[in-house]
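This report covers charge pairing, cysteines, surface patches and backbone details. Keep the structure open while reading.

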Amino acid sequence: MAATGGSAYRAFGIEPPEVYFSACKELSDAFLDAPPYSRPTSKPTGHAGDNASRGTFVRDEDGVKSGRLVREHEDKENHMREAANARPPSRVERAGYTCRPDTVEAIIQCAKLGAGLTGWREQQTQTLHRVRKMLEPLNHTLRKAQPSPPNVHAVAGKVNLALLCALVDALDWPDTLLPLNFAKGFPSVGDIPDSGVYRPIEPSLSEEEFKETYQSIDSSNEEWLEEVCGMMQRRAKSAKPAEREAMRVLKAKTVAEAQQGFCSGLLNKRQLQAKYKDKNGRLRARVVPRFGVPQGRPGAQKVRAIDDGKLSRTNEMQRVLETITTPSPDFPAHVLDELIRACLDMGMAVPDLVLSLDDLLAAYRRVPTAHQEFMVAAMWDPDAGEPVFCEVYGHCFGLVSSVLNFNRVPHMLSVAASLHFAAPNDHYFDDYLVVDLACAKGSAQRALDELHKAVRIPLEPKKRKPPRAVQEALGVNCDLSQAASSKVVMLSPTKERVEEILADLQRCKADNYMPPWEAEALFGRLGFVLRTTGGAVGRAATQPLLQRSRERSPQQFPFTLAMHHMLSFFEALLPDVPPLMLPCGQRQGTADAPVLVYTDASYNESGFSGLGIVILDGDNRYTAGCRVPEWLLAWLRHRGQQINHLEMAAAVAARTTFPDVIAGRKVIH
């Protein structure tokens, strides 16, 4: 890698000195040789949202039906031939994820060095500290060139701007304004600049349409404040004991954040108006309702603060040009795939792997906003009996721009850790997943910590999970104990995470209340867990959550009949999800091609109901079919449709009718 011309430093409006270029070169020379970072250009496939957001799951687009691997045809023979040639998606296709080039280079370096990784990473740490010391005097220069507003200084006043600039320039990182944003604050409303890091998207509104929408919402700030105050008061009056307790906990959490310097103290309505009204009497602040949501099992609940940017319409005041992508729980399996490939190339055995986890300290709160007036959270004070407000100096949790602005930080540092320390890692929002060789004695995790200390954006020591072969990661058990011996990674949802999700759904059912922000959070949590199921089991059932997450106020947001069915389904499914076994690397297949089994069923209450089987074994074809026996129809419990049961009966019939063809063979059904 070659150091670039200092774009990140020049963004501060000053010319870099010679020592800066020397520091960039030393960093660049220490990086592994990998292609420059390239943003994703296409939407990943296989994610829960990709399935559940389809509404009607098969749509006709220009005569081609999407949502199915095989298109429908009037010609059944043609349909059968197409189905016979179809293959299930690979694990990579299903996950919608591939290792970044920097991760691949890190994995290759791990394979090369083996037990020598620890010493090499210590040398790389010394290089990082040497560069940090070279650049330290430039922090004063940069802060003088771009003085920080009080809110930015409160949460990011100690960030090492000079080292951030050097990392961005040495990496040739596209997000050249990242260090400057830690001095001036990240744009949080209006047209959000494209960082060049994430997948580009087309805004839903034109510039002119967005401008009109923005001005319309912004002109209603005073009316919105009154509406929020009334809403808070009504909720307080009708609150159940658990909700009142959540309000008290929410206030206490906010006061604690204020004591840590992440937000202001509590303001009443009069103080808020006095601070944010301009000379024309117009309120410049757009408050965001903050709710305390109990999460988890009874007796072990915690209250999470949710800032509802959708309800306040603040999210409609943001025009974004990109969207993030996140890794799936099978990230370690992707690392193992690449490690097996590297070991084969080098003619060596696959080493044992471990997984460690880290969490960014205070996450969203440490990424400063350039629009303080839009980061004002409103909540009910049960002690004073009135609505109160606090200014969040970083980012509220619940705004679209918050997600983009925050993730830009760990994403750049994730790539830097890969290239400087050969630490195969990725991040899921504020959580880092680091895969390392067991013989490296946890040096990758220590290196990631050193990097964060150097830029002074620290990790949270209390949430650190040291390297283990079997690790709980984000509610999923990841088992790497057979990675080297059998080239297998096993995933399963943790009992605690399953109980927490079901408890939250059951609470919403009992309250007959599922607001959009809670539906969105549950959809994300369920989606992550369901990536540990075979095929796409369970993903379609999350559709009621996705639909609710897109609804707008004012509505009552009841727990619908579809949600009742969804809850019953997950109560049956989640506690008994078997571990998902992920074979990695190139597999040696048998000499024989798999047998292709194609079955179908039809049901007509007053007409013909049938079962059909077609089996292809090389050039041999076997077929069978019959009318569904009356005894089977009579045995099935009476309902409007029996098609699901008959489809399963056809699948079983194929195995009982042709055991001599199928026995002991690989089968694609």
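## Ground rules

Buried means under 20% relative accessible area, exposed means over 50%, and partly exposed lies in between. By that scale D278, at 24%, is partly exposed. The model is predicted.

## Salt bridges

The whole structure holds 33 salt bridges. Side chains of opposite charge can pair when their charged atoms come close. R282 bonds in this way with D218, at 2.3 Å from N to O. This pair links distant parts of the chain, 64 residues apart. R282 sits in the loop between α15 (269–276) and β5 (287–295), while D218 belongs to helix α12. R282 is partly exposed at 35%. D218 is buried, with a relative accessible area of 11%.

R282 has a salt bridge with D278 as well. There the closest N and O atoms are 4.0 Å apart. The cut-off for a salt bridge is within 4 Å.

Another pair joins E15 and R10, with 2.6 Å from N to O. E15 is exposed at 53% relative accessibility. R10 is partly exposed at 35%. Elsewhere, salt bridges link D358, D449, K453 and R464 into a network.

## Cysteines

How many disulfides does a search of the whole structure find? The count is 0. C263 is in no disulfide, and its nearest cysteine sulfur, that of C390, is 4.3 Å away. A disulfide needs two cysteine sulfur atoms within 2.5 Å, so the sulfurs of C263 and C390 do not qualify at 4.3 Å. C263 is buried, at 3% relative accessibility.

C343 is buried too, at 1%. Why does C343 form no bond with C110? The two sulfurs are 10 Å apart, which is too far. The sulfur of C110 is the closest cysteine sulfur to that of C343.

## Charged surface patches

Two patches of opposite sign deserve a look. E207, E208, E209 and E212 form a negative surface patch. One of these residues, E212, is found in helix α12, which spans residues 207–218.

The positive surface patch consists of K253, K302, R304 and K463. K253 is placed in helix α14, residues 241–260. Its relative accessible area is 39%, so K253 is partly exposed.

## Positive phi in loops

Two residues other than glycine have a positive phi. For D172 the value is near 55°. D172 lies in the loop between α10 (161–171) and α11 (178–184). With a relative accessible area of 40%, D172 is partly exposed.

For A422, phi is about 50°, although A422 is not a glycine. A422 occupies the loop between α17 (400–421) and β12 (425–428). Is A422 buried or exposed? At 0% relative accessibility, A422 is buried.

## Distances along and across the chain

V435 lies in strand β13, residues 431–437. V435 is buried at 1% relative accessibility. Its C-alpha atom is separated by 9.8 Å from that of L480, which is 45 residues away along the chain.

I108 is placed in helix α6, residues 101–113. At 25% relative accessibility, I108 counts as partly exposed. I108 and G394 are 286 residues apart in sequence. In space, their C-alpha atoms are 38 Å apart.

Terms used: Residues are numbered from 1 along each chain as its sequence is written. This is a predicted model: local features need pLDDT of at least 70, side-chain atom pairs count only at pLDDT 80 or more; totals for chains, interfaces and linings use all residues. Side-chain values use heavy atoms; hydrogens and water are left out. Buried means under 20% relative accessible area, exposed over 50%, partly exposed in between (1.4 Å probe, protein chains only). Patches are made of residues with over 30% relative accessible area and no salt bridge: like charges are joined within 9 Å, nonpolar side chains (Val, Leu, Ile, Met, Phe, Trp, Tyr) within 5 Å. Accessible areas come from the Shrake-Rupley method with a 1.4 Å probe; for residues, only the protein chains shown count as cover. A salt bridge is a side-chain nitrogen of Lys or Arg within 4 Å of a carboxyl oxygen of Asp or Glu. Lys and Arg count as positive and Asp and Glu as negative; His and the chain ends are not counted. The place of a charge is taken as NZ of Lys, CZ of Arg, CG of Asp or CD of Glu. Helices (H or I, at least four residues) and strands (E, at least two) are DSSP runs, numbered from the N terminus.
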